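Visitor: Please give me a close look at one part of this protein, the charged side chains that pair up. I'm in my first year, so please explain the terms as you go.

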Amino acid sequence: MILPRLEHRDRHAAERMDDPDCDRQMLERTYAQFHIVNTVVTGWRATYRRHVRPLLRRGATTTALDIGSGGGDLTWALTRWARRDGYRLQITGIDPDPRAHAWAMRRPAEPGLSFRRALSSELVAEDCSVDLVVSNHLLHHLDEPQFAALLSDSQRLARLRVIHSDIARSRTGYALFSVGTWPFFPGSFIREDGLTSIRRSYTAPELWAAAPPPWRVEQLGPWRNLLIHEPAGR
């Protein structure tokens, strides 16, 4: 295996599933397999325990927004984890891609869970607000203006906390993902797009430099960056 040079972000690499004309069967197989990858590599269970669960309150409903929710894996998982812990979480997953939205709408129903085909800017224009804003594997998809717009929208939408979770680019992570996914996920974009995602992703210092104060970066293990914002006084 020949590793690419990963000293700098590959801003020009494109994930195949982002192509509106990509193979629909492979795309749907990718959505179906995402939960496996997310369970293994994203660390969201630990992020939920550390950054989401402390915001939840007995006898009250906490509202949340998952931006760029894709097939809805994170949205669905957060709902179930909160309910199992005895809390009420009302969460909406938004994504502008009609294919992702259609897939998410086919997920099993959960109390407090909903999906909407929309951009975060649309919710800002509607003067919406929620307690918590999250995203998973969204940051590396964005160019600089989109990145800045997401951060601005997130700050305006969230009353308590914003958590944007993404891959941390590294040669070791690239090698492990390449080897670990080689025998699996046939007929989907998981492996190819996953490697492209790593090439497009930020290191922790790059993310610190890209996001203005008071945003902060927290490293969740060696493969994961959390970009976090809390309103003044929190």
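**Salt bridges and the sheet**

Guide: The structure holds 16 salt bridges, a salt bridge being a side-chain nitrogen of Lys or Arg within 4 Å of a carboxyl oxygen of Asp or Glu. What you see is a predicted model, in which local features need pLDDT of at least 70 and side-chain atom pairs count only at pLDDT 80 or more, while totals for chains, interfaces and linings use all residues. Residues are numbered from 1 along each chain as its sequence is written, and side-chain values use heavy atoms, with hydrogens and water left out.

Let's begin with the sheet, as two of our pairs involve its strands. Helices (H or I, at least four residues) and strands (E, at least two) are DSSP runs, numbered from the N terminus. Seven strands make an open sheet with mixed pairing, in the order S3-S2-S1-S4-S5-S7-S6; two strands pair if DSSP finds at least two bridges between them. At the edges, S3 (113-116) and S6 (216-219) each pair on one side only. Strands of a sheet pair through backbone hydrogen bonds, either parallel or antiparallel.

Now look at S4 (residues 130-136) and S5 (residues 158-167), which pair in the parallel sense over six bridges. Leu132 has Arg161 as its bridge partner in S5. A salt bridge also joins the side chains of Asp131 and Arg159, at 3.1 Å from N to O. Asp131 lies in S4 and Arg159 in S5, so this pair ties together parts that are 28 residues apart in sequence. Buried means under 20% relative accessible area, exposed over 50%, and partly exposed in between (1.4 Å probe, protein chains only). Asp131 is buried at 12%, whereas Arg159 is partly exposed at 41%.

Next, follow the edge strand S6 to Glu218, which forms a salt bridge with Arg50, their closest N and O atoms being 2.9 Å apart. Arg50 sits in helix H2 (residues 44-52) and Glu218 in S6, 168 residues apart, so distant parts of the chain are linked. Glu218 is buried at 14%, but Arg50 is exposed at 53%.

Another pair is Asp10 with Arg199, also a salt bridge, at 2.9 Å from N to O. Asp10 belongs to the segment before helix H1 (24-41) and Arg199 to helix H8 (residues 190-200), and 189 residues separate them. Both partners are partly exposed: Asp10 at 25% and Arg199 at 23%.

Finally, find Arg24, Glu28 and Arg106, which are linked in a network of salt bridges.
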